[in-house]
Amino acid sequence: MDFEAFFKSELDGLHGEGRYRVFADLERHRGNFPRATRHTPDGPKEVTVWCSNDYLGMGQHPAVIEAMKEAIDHCGAGAGGTRNISGTTHYHVVLEQELADLHGKEAALIFNSGYMSNWATLGTLGQKIPGLIIFSDALNHASMIEGIRYAKCERVIWKHNDLNDLEAKLAAADPNAPKLIAFESIYSMDGDISPIKEICDLADKYGAMTYLDEVHAVGMYGPRGGGIAEREGLMDRLTIIEGTLGKSFGVMGGYIAASTALCDFIRSFASGFIFTTALPPTLAAGAIASIRHLKASPFERARHQDRVRKLRTMLDQKGIPHMHNPSHIVPVMVGDAAKCKWISDILLDTCGVYVQPINYPTVPRKTERLRITPTPLHSDADIEHLVGSLHQLWSRCALARHVA
């Protein structure tokens, strides 16, 4: 087999469909988010970032930066090994205590990424609990899907946020089999929110554990940033809450919060935890500072919601179609892969606006979109410039507009 020809052919196919992903060479500047410098063959250019998952700009917060600098001065760069050998630092212990407190759980366990926390936890539960059936929402994140596949246990896919379908599948399963319902609070591409209470009701009725991925909600919702489950007073009804440190908390890492026994079980049996070098203490220190700040400060969340409302209002005024949802994620709908990439390229090259196109397989074909994520640090002028640029490009592309 000509391997190089195969690789090139597959890549040519992505180019032909307008789905080839290009990384923007960006350099963020401390204290100046959402501004960044884009490095191009023609030299550096200034851009405004509109698609960051650093939802609250906490990656630039002075308290977070100072905590990380102090930790690296105090401990050095690396953790020194896996958590089991030499990699557990006091920063890791304190971070897990802060996360358990955030979610009202007995314990927490940190991982190197949200992907790893989903993959390792679901995979371990599915492997180790005899006869476990995992009921997975059809739009769950790739990391959850891969963890369930790795588990090689029985899995049942239920229609996205469809309570009737979930109950029908629970009722059809062996009543004596252990069960786990895995779902997300906010789904990152459409921005819709799951019916957590009703899912918990079904879990109680059929004796199932619940696994809630809150990665797009932690820090963002609830009185202390505990997520949608905190906002709705449901954290105590969830068996496992999974989250990330790399989005609204602005640093890096993932975690689960649950009972002491469950966290210890994953710590003791999950290969993805046992054989991975621990997070550097400087990242743990930054996460601690970010979590503590957002537990006490409602300002970032309130300002963030104000920015989201303003953006949606201005898009409506110009007839730019966007998916209405109750979250902070604003998907501007294009519906064509090539046009979506073209708009993204023009925004970046001529308007100084950076927003990545979202194409298949991340979203279904014909639902291609620009996924816009406002932050508390975007100004009125930033929003006006973004919407004005989209307004001009919508006319150039002859795309349909939404009529209110």
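Which residue in β7 is the bridge partner of Ile134? In this predicted model, the partner found for Ile134 in β7 is Leu180. That pairing belongs to a set of four bridges between strand β5 (residues 133-137) and strand β7 (residues 179-184), two strands that run parallel.

**The seven-stranded sheet**

Strands β5 and β7 are members of an open sheet of seven strands, whose order is β4-β10-β9-β8-β7-β5-β6 and whose pairing is mixed. The edge positions are taken by β4 and β6 (154-158), and because each of these has a single partner strand, one side of each is left without a neighbour in the sheet. When direction is ignored, neighbouring strands of this sheet are turned against each other by 20 degrees on average. Two helices that lie across parts of this sheet are α6 (residues 142-151), which crosses β5, β6, β7 and β8 (208-213), and α7 (residues 163-172), which crosses β5, β6 and β7.

**The three-stranded sheet**

Another open sheet is formed by three strands in the order β11-β14-β13, and its pairing is antiparallel. Here β11 (330-333) and β13 (357-358) stand at the edges with a single partner strand each, so one side of each has no neighbour in the sheet. Between β13 and strand β14 (residues 369-372), which run antiparallel, there are two bridges, and in β14 the bridge partner of Pro357 is Leu370. Helix α13 (residues 299-318) lies across β11 and β14, whereas α14 lies across β13 and β14.

The angles of these helices, each given against one strand of the sheet that the helix crosses, are set out below.

| Helix | Reference strand | Angle |
|---|---|---|
| α6 (residues 142-151) | β7 | about 160 degrees |
| α7 (residues 163-172) | β6 | about 155 degrees |
| α13 (residues 299-318) | β11 | about 15 degrees |
| α14 | β14 | about 45 degrees |

**A pocket lined in part by α14**

The second largest pocket holds about 260 Å³ of space. Its lining is made up of 18 residues, and those nearest the centre of the pocket are Val22, Lys341, Asp345, Gln356 and Pro357. Pro357 is also the residue whose bridge partner in β14 is Leu370. Helix α14 (residues 337-351) gives the most to this lining, with five residues. By residue class, the lining of the second largest pocket divides into eight nonpolar, four polar and six charged residues.

**The cavity and Arg83**

A search of the whole structure for cavities of 30 Å³ or more finds one, and the volume of the largest cavity is about 90 Å³. The elements that give two or more residues to its lining are β4 (107-111), which is an edge strand of the seven-stranded sheet, and α11 (271-274). Among the residues that line this cavity are Arg83, His92, Ile110, Phe111, Gly272 and Phe273. The lining of the largest cavity comprises six nonpolar residues, five polar residues and one charged residue.

Arg83, which is part of that lining, also forms a salt bridge with Glu96, in which the closest N and O atoms are 3.0 Å apart. Because Arg83 lies in helix α3 (residues 83-87) and Glu96 in helix α4 (residues 90-103), the pair ties together parts that are 13 residues apart in sequence. Over the whole structure, the search for salt bridges finds 25.

Technical notes:
Residues are numbered from 1 along each chain as its sequence is written. This is a predicted model: local features need pLDDT of at least 70, side-chain atom pairs count only at pLDDT 80 or more; totals for chains, interfaces and linings use all residues. Side-chain values use heavy atoms; hydrogens and water are left out. On a 1 Å grid over the protein atoms alone, a cavity is a set of points where a 1.4 Å probe fits but cannot get out, and a pocket is an open set with protein on both sides within 12 Å along at least five of seven lines; lining residues have an atom within 4 Å of a point. Grid points are joined across faces, edges and corners, and a volume is the space filled by probe spheres set on the points. Ala, Val, Leu, Ile, Met, Phe, Trp, Tyr, Cys and Pro count as nonpolar, Asp, Glu, Lys and Arg as charged, and the others, Gly among them, as polar. Two strands pair if DSSP finds at least two bridges between them. Axes are lines fitted to C-alpha atoms, for helices over the stretch in contact, and angles run from 0 to 180 degrees between N-to-C directions. Contact means heavy atoms within 4.5 Å. A salt bridge is a side-chain nitrogen of Lys or Arg within 4 Å of a carboxyl oxygen of Asp or Glu.
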